Amino acid sequence: MIKDADWQQRIGAPPERSRRRRRRRRSGCLTRFLAFVLVVAALAGWFWWQQNGLSSEEIEIASAPDGFASYRIVLISDLHAKEFGAGNEKLIQYVKDLHPDLIAIVGDILHEKSQLAMIPAVASGLAGVAPTYYVTGNHEWAAHAVQELEPLLEENGVHVLSNTYVMLERGGDRIALLGAEDSNGYADQKTIAELSEEVRQEQGDVYKILLSHRNTRIEEYVDAHIDLTLCGHAHGGLIRLPGTDGLIGPHREFFPSYTAGLYDLPYGQLVASRGLGNQFPAFRLFNRPDVPVVVLE
């Protein structure tokens, strides 16, 4: 009889032992493959969530008139025709759950004229939640869509502020809500300073909230003595790294400023939304779609 040690020296491990080793190797490979698939699926899910998972934060403004205490303004920016559910039903429900007194859409609701078809659903949906006001962004003008877009918004319940203002009244106090067309618009349009002066002459010294798309017109907002500017445009810097205000600015510059949240200016304050959509091929990291709520105190 051949001893086991001699068998191993002549022809290797006995057949049964060899089969067990092969089974263990196959089992180990399968385990590693499943672990790899789970990791890839988790990363893919997290990346999808970064692009599509709605988020919100409350931003308190202490300088507003007392009569507007607890007044809630939901800020919608840079949708870029993105749809959160059919007809943006998920976005509309999300906004409704934030209990707004007013909804401010500050531009770039689309970036191609062919996207006008999605406007009625989102406009009427938001307007059905709370009074909704809109100003243009740079992309509506670049797409040559403004002349069709603004009447379409009005038809579906959204108030367009085209270098105009309305007065809000609550608790015996008043606020002027101003809306500035984007600077991509007509060359001879009314300036923000001229609009602000018009309010001063007609309404006196009242608190002014300006809806304006761009986060980059800081000097104009300060010179016009705007108390609170609500804007977007920068998409939160797209990729938000610790200790930065975003990685990439709206002009493809690195490390932009005034991209998300509340900022104190030399005169007044500014709130910037991180926005909701992107224009291809941009993507978001650590920067989920943003629906901030400005709460007047």
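**Figure 1. Glutamine 269 and the residues it touches.** Leaving aside residues up to four places away in sequence, glutamine 269 is in contact with Ile61, Ser63, Asp227, Leu228, Thr229, Leu262, Tyr263 and Asp264. Bear in mind for this and every other panel that the model is predicted. Glutamine 269 belongs to strand S11, which covers residues 269-272. Is this glutamine buried or exposed? With a relative accessibility of 15%, glutamine 269 is below the 20% cut-off, so it counts as buried.

**Figure 2. Strand S11 and its two partners, S9 and S10.** Side chains in a regular strand alternate between the two faces of the sheet. In S11, Gln269 and Val271 point one way while Leu270 and Ala272 point the other, and all of them are buried. Strand S9 (residues 228-231) pairs with S11 in the parallel sense, with four bridges. Look for leucine 228 here: glutamine 269 in S11 is its bridge partner. Strand S10 (residues 261-264) is also joined to S11 by four bridges, but this pair runs antiparallel. In that pairing, tyrosine 263 sits opposite leucine 270 of S11.

**Figure 3. The hairpin made by S10 and S11.** How many residues lie between the two strands of this hairpin? There are four, and glycine 268 in the turn has a positive phi of about 80 degrees. Just after the turn, S11 begins with glutamine 269.

**Figure 4. Valine 294 and its surroundings.** Valine 294 is part of strand S12. Its relative accessible area is 0%, so it counts as buried. Its contacts, again skipping residues up to four places away in sequence, are Ile59, Ile61, Tyr71, Arg72, Ile73, Leu228, Leu230 and Val271. Val271 is also worth spotting on S11, where it points the way Gln269 does. Which valine, 220 residues away along the chain, has its C-alpha atom 6.3 Å from that of valine 294? It's valine 74. Zooming out to the whole protein chain, 70% of contacts between residues at least 6 apart in sequence join residues at least 24 apart.

**Figure 5. Strand S1 at an edge of the six-stranded sheet.** The open sheet follows the order S1-S12-S2-S3-S4-S5, with mixed pairing. Why do S1 (58-61) and S5 (159-160) each have one side without a neighbour in the sheet? Both stand at the edges with a single partner strand, so nothing in the sheet flanks the other side. For S1, the strand next door is S12 (residues 293-296), which runs parallel to S1 and is joined to it by four bridges. Glutamate 60 is placed opposite valine 295 of S12. The two faces of S1 split neatly: Ile59 and Ile61 make up the covered one, Glu58 and Glu60 the uncovered one. Both isoleucines of the covered face, Ile59 and Ile61, turn up among the contacts of valine 294, and Ile61 also touches glutamine 269.

**Figure 6. Two loop residues with positive phi, aspartate 78 and histidine 225.** Aspartate 78 isn't a glycine, yet its phi is positive, near 55 degrees. You'll find it in the loop between strand S2 (71-76) and helix H3 (89-97). Aspartate 78 counts as buried because its relative accessibility is 0%. Histidine 225, not a glycine either, has a positive phi of about 55 degrees. Its loop runs between helix H8 (218-223) and S9. Is histidine 225 buried or partly exposed? At 43% relative accessibility, it counts as partly exposed.

**Figure 7. The protein chain as a backdrop for the close-ups.** Eight helices and twelve strands make up the secondary structure of the protein chain. The radius of gyration is 27 Å, whereas a compact globule of 297 residues would come out near 19 Å. Along the principal axes, the C-alpha atoms fill a box of roughly 115 × 40 × 35 Å. Of the 297 residues, 50% are buried. The chain exposes about 14,700 Å², with carbon and sulfur atoms supplying 55% of that area. As for charge, there are 29 positive and 38 negative side chains, and the centres of these two sets are 27 Å apart.

Definitions and conventions. Residues numbered from 1 in each chain as written. Heavy atoms only, no water. Pairing = 2+ DSSP bridges. Rg over C-alpha atoms; globule rule 2.2 N^0.38 Å. Buried < 20%, exposed > 50% of the residue type's maximum accessible area, 1.4 Å probe, protein only. Contact = heavy atoms within 4.5 Å. Areas by Shrake-Rupley, 256 points an atom, 1.4 Å probe, with all protein chains shown as cover. Lys, Arg positive; Asp, Glu negative; His and termini not counted. Charge placed at Lys NZ, Arg CZ, Asp CG, Glu CD.
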